[in-house]
Amino acid sequence: MVAAGYCMYGSSCTLVLSTGEGVNGFTLDPSLGEFILTHPNIKIPKRGKIYSVNEGNAKNWDGPTSKYVEKCKYPTDGSSPKSLRYIGSMVADVHRTLLYGGIFLYPGDKKSPNGKLRVLYEVFPMSFLMEQAGGQSFTGTQRSLDLVPKSIHERSPIFLGSYDDVEDIKALYAAAEK
């Protein structure tokens, strides 16, 4: 990949873009009809306080995902619990994660073991942006950008966000492999 980005429309129109040299955010100035650089060199915090996942699918998750979400809600190390924020739109959820830190999870489950997000046009672009901002992205078995798709609409689970938060779920998957 050489570039990735997304555009999000709400109270303002935001364009987030990477050409492989970091991540920048632009906001549309309607009076000029141009995007203005408003978020230069976006860097995700190393650890966040928010997790984002559709807990309605919890009964179908694998062990590592269930354990991770349990640790988010009920930490055993004396730290504060993470806050759940799930909009249901990958772009909006990842945008918040990129700016404030934390983790976005869309795991595979018993109904959809290969996940639901498409590798080429959902997993890869968001993973590229996250890595360019200092975070990471993981499929449950490997770095997301190391996937080699075999079909155009191939799907994959994804865990992406703050570097240390993704390290935590990677450790749970590694322990489950033993």
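## Two domains

How many Å separate the centres of domain 1 and domain 2, taken over C-alpha atoms? The answer is 24 Å. Keep in mind as you look around that this is a predicted model.

The domain assignment places domain 1 at residues 4–39 and domain 2 at residues 50–177. Where the two domains are in contact, domain 1 supplies 14 residues and domain 2 supplies eleven residues.

## Val 16 and its surroundings

A good place to start exploring is Val 16, which sits in strand β2, residues 13–18. Its relative accessibility is 1%, so Val 16 counts as buried.

Which residues does Val 16 touch, once its neighbours within four places in sequence are left aside? Its contacts are Ala 4, Gly 5, Tyr 6, Val 23, Asn 24, Gly 25, Ile 42, His 95 and Leu 98. For a sense of scale, try finding Ile 50 too: Val 16 and Ile 50 are 34 residues apart in sequence, and their C-alpha atoms are 20 Å apart in space.

## Helix α3

Helix α3 covers residues 119–132 and is mostly covered, with ten of its 14 residues buried. The buried ones are Val 119, Glu 122, Val 123, Phe 124, Pro 125, Met 126, Ser 127, Phe 128, Leu 129 and Met 130.

After α3 comes Gly 134. The phi angle of Gly 134 is positive, near 100°.

## The cysteines

A disulfide is a covalent bond between the sulfur atoms of two cysteines. How many disulfides does a search of the whole structure find? It finds zero. Cys 13, for instance, is in no disulfide: the nearest cysteine sulfur belongs to Cys 7 and is 3.6 Å away. The cut-off for a disulfide is 2.5 Å between the sulfur atoms, so this pair does not qualify.

Are Cys 13 and Cys 72 buried or exposed? Cys 13 has a relative accessibility of 13% and therefore counts as buried. Cys 72 is buried as well, with a relative accessible area of 3%.

## Two pockets

Rolling a probe the size of a water molecule over the atoms shows where empty space is left. The largest pocket has a volume of about 420 Å³. It is lined by 16 residues, and those closest to its centre are Arg 47, Asp 77, Ser 79, Lys 82 and Asp 168. Two elements, α1 (63–73) and α4 (163–177), each give two or more residues to this lining. By class, the lining of the largest pocket holds six nonpolar, four polar and six charged residues.

The second largest pocket contains about 160 Å³ of space. Its lining is made of Asn 60, Trp 61, Asp 62, Gly 108, Asp 109, Lys 110, Pro 113, Thr 139, Gly 140, Thr 141, Pro 157 and Tyr 173. Sorted by class, these are four nonpolar, five polar and three charged residues.

## An enclosed space

How many cavities of 30 Å³ or more are counted? There is one. The largest cavity has a volume of about 50 Å³.

To find this cavity in the model, look for the residues that line it: Val 53, Asn 54, Asn 57, Trp 61, Tyr 86, Leu 105, Tyr 106, Pro 107 and Asp 109. By class, the cavity lining has six nonpolar, two polar and one charged residues. Trp 61 and Asp 109 may look familiar, since both also appear in the lining of the second largest pocket.

Key
Residues numbered from 1 in each chain as written. Predicted model: local features only at pLDDT ≥ 70, side-chain atom pairs only at ≥ 80, totals over all residues. Heavy atoms only, no water. Buried < 20%, exposed > 50% of the residue type's maximum accessible area, 1.4 Å probe, protein only. Helix = DSSP H or I, 4+ residues; strand = E, 2+ residues; numbered from the N terminus. 1 Å grid on protein atoms, 1.4 Å probe; cavity = no way out; pocket = protein on both sides within 12 Å on 5 of 7 lines; lining within 4 Å. Points joined across faces, edges and corners; volume = space filled by probe spheres on them. Nonpolar A, V, L, I, M, F, W, Y, C, P; charged D, E, K, R; others polar. Domains from an automatic or database assignment. Contact = heavy atoms within 4.5 Å.
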